[in-house]
Amino acid sequence: MKLKTLIVEDESSLLELLKFNFIKDGFKVDTATDGEMALEKILNKAPDLLILDWMLPKLSGIELCRRIRKNKELKNLPIIMLTARGEEEDRLRGLETGADDYVTKPFSVNELMARVKAVLRRIRPMFTEEVLSYKGIVVDLVSHKVTRDSETLHLGPTEFNLLVFFMENIGRVFSREQLLNHVWKDEAYVEPRTVDVHIRRLRKSINNDVKEDFIRTVRSAGYCFGS
Ligand code: CA
């Protein structure tokens, strides 16, 4: 599953270079060139990872970072900050604001990619594994086999993708729009209420009407899997 990365950088040549390298390494990439555009994309497209320049027009990287960490739906978004400021004090300030790691310009792309992978391994170890599990539910990403308490479950392809997405994002709340963006990807003309239909099917398949339901319906927000 491709991770969605939002790269926020106002220097167009650096932005292009980063975009090229993230795509080459198997990420799905979206970009923003100022802080406000970034915030809008973060809210609407729910990226999995944020590469954030410190000095940005409209809304600074540091302010954006602060807002993300204050938002309970976004606070676990992995953030790596890019900055021209190498001073130790600024470095600390960046980490205090909530960035997960930091690279100082000029940096090599290899260095940045190594940091990205380290942060992802630490924060979202599931992305590096082939089996996802949560309280008795086991999803094999290679064979696509799903079991609950060792019993095989039969899921449709969309329900399978939904379950994988939920299990990679335990405890995060997603709106219907965000689920459509992540799980349905670029399929056109899917209505938000389609999400409800597939959530219902997924619940039926994994709970069999008797097991604990890990899918929470969050009023006026969307859905969340697990605690
Ligand atoms: Ca900048």
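The legends below describe close-up views of a predicted model.

**View 1. The two domains of the chain.** The protein is split into domain 1, residues 4-127, and domain 2, residues 129-225. Their C-alpha centres are 27 Å apart.

**View 2. The calcium site.** Three residues supply the protein donors of the calcium ion: D10 and D53 each through OD, and M55 through O. These donors lie 2.1 to 2.3 Å from the ion. Along the chain, the donors follow the spacing D-x42-D-x1-M. D10 sits in the loop between β1 (4-8) and α1 (12-24), and M55 in the loop between β3 (49-53) and α3 (61-70), so this pair ties together parts that are 45 residues apart in sequence. With a relative accessibility of 35%, D10 counts as partly exposed.

**View 3. The cis peptide bond before P106.** K105 and P106 are joined by a cis peptide bond. Its omega angle is about -5°. P106 belongs to the loop that runs between β5 (101-104) and α5 (109-123).

**View 4. Side-chain alternation along β6.** Strand β6 covers residues 131-134, and its side chains alternate. L132 and Y134 point to one face and are buried. V131 and S133 point to the other face and are not buried. In general, side chains in a regular strand alternate between the two faces of the sheet.

**View 5. The hairpin of β6 and β7.** Strand β7 is made up of residues 137-140 and pairs with β6 in the antiparallel sense. The pairing extends over four bridges. Y134 stands opposite I137 in β7, and the side chain of Y134 is one of those that are buried in β6. Two residues lie between the strands of this hairpin. In the hairpin, K135 takes a positive phi near 40°.

**View 6. Positive phi angles in the loop between β8 and β9.** The loop between β8 (146-148) and β9 (151-153) contains D149, and S150 is found in this loop as well. D149 is not a glycine, yet has a positive phi of about 50°. S150, also not a glycine, has a positive phi of about 70°. D149 counts as partly exposed at 43% relative accessibility. S150 is exposed, and its relative accessible area is 71%; the cut-off for exposed is over 50%.

Note on methods: Residues are numbered from 1 along each chain as its sequence is written. This is a predicted model: local features need pLDDT of at least 70, side-chain atom pairs count only at pLDDT 80 or more; totals for chains, interfaces and linings use all residues. Side-chain values use heavy atoms; hydrogens and water are left out. Buried means under 20% relative accessible area, exposed over 50%, partly exposed in between (1.4 Å probe, protein chains only). Two strands pair if DSSP finds at least two bridges between them. Domain bounds come from an automatic or database domain assignment. Donors are N, O and S atoms within 2.8 Å of the metal (3.2 Å for Na, K and Ca); water is not among the atoms, so sites may look incomplete.
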